[in-house]
Amino acid sequence: MLWLIAANPNKYDIEMAFNELKFIDWTKNANYKKNDIIFIYISNPVQRIKYICKVINDNINEEEAIDDKKYWLNSSDFSISSNGLVRLELIKKIQFDISFYDLRTHGFNGSL
């Protein structure tokens, strides 16, 4: 399945995390499954889809979680959802811009 999720660059430095880590763990806020593809939209001020990832583990618990606290701009924003985490592997960093407007123009009618 394909998913679109949003990342807030004012809370989490996803760029640095992907540069330094082989994988990142993400809050499981939907029914992501292993091998699903997730597009990551970076919210204000970027407002573009920048990453394509693959779910390599859909059931990461707190003990297994990657220590990525250094990428959180405010450590009080860091928390692990009661739904757990999924582990994402970066497939590709998108070099061209796909804006929210572009998504709407091509039929996307959901919200981020």
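Student: Hey, is E20 buried, partly exposed or exposed?
Tutor: E20 is partly exposed, at 42% relative accessibility. Here, buried means under 20% relative accessible area, exposed over 50%, and partly exposed in between (1.4 Å probe, protein chains only). This is a predicted model, where local features need pLDDT of at least 70, side-chain atom pairs count only at pLDDT 80 or more, and totals for chains, interfaces and linings use all residues. Residues are numbered from 1 along each chain as its sequence is written, and side-chain values use heavy atoms, with hydrogens and water left out.

Student: Cool, which residue does E20 form a salt bridge with?
Tutor: With K70, and their closest N and O atoms are 2.9 Å apart. A salt bridge is a side-chain nitrogen of Lys or Arg within 4 Å of a carboxyl oxygen of Asp or Glu.

Student: And where do those two sit?
Tutor: E20 is in helix α1 and K70 in the loop between β4 (48-60) and β5, 50 residues apart. Helices (H or I, at least four residues) and strands (E, at least two) are DSSP runs, numbered from the N terminus. K70 counts as exposed, at 62% relative accessibility.

Student: How many salt bridges does the structure hold?
Tutor: It holds 3. One of them joins the side chains of E15 and K93, 2.6 Å from N to O. E15 lies in helix α1 (residues 14-20) and K93 in strand β5 (residues 85-99), so this pair ties together parts 78 residues apart in sequence.

Student: New topic: what about D25, which partner does it have?
Tutor: D25 pairs with R87, with the closest N and O atoms 2.7 Å apart. D25 lies in strand β2 (residues 23-27) and R87 in strand β5, so they tie together parts 62 residues apart in sequence.

Student: Are D25 and R87 buried or exposed?
Tutor: Both D25 and R87 are buried.
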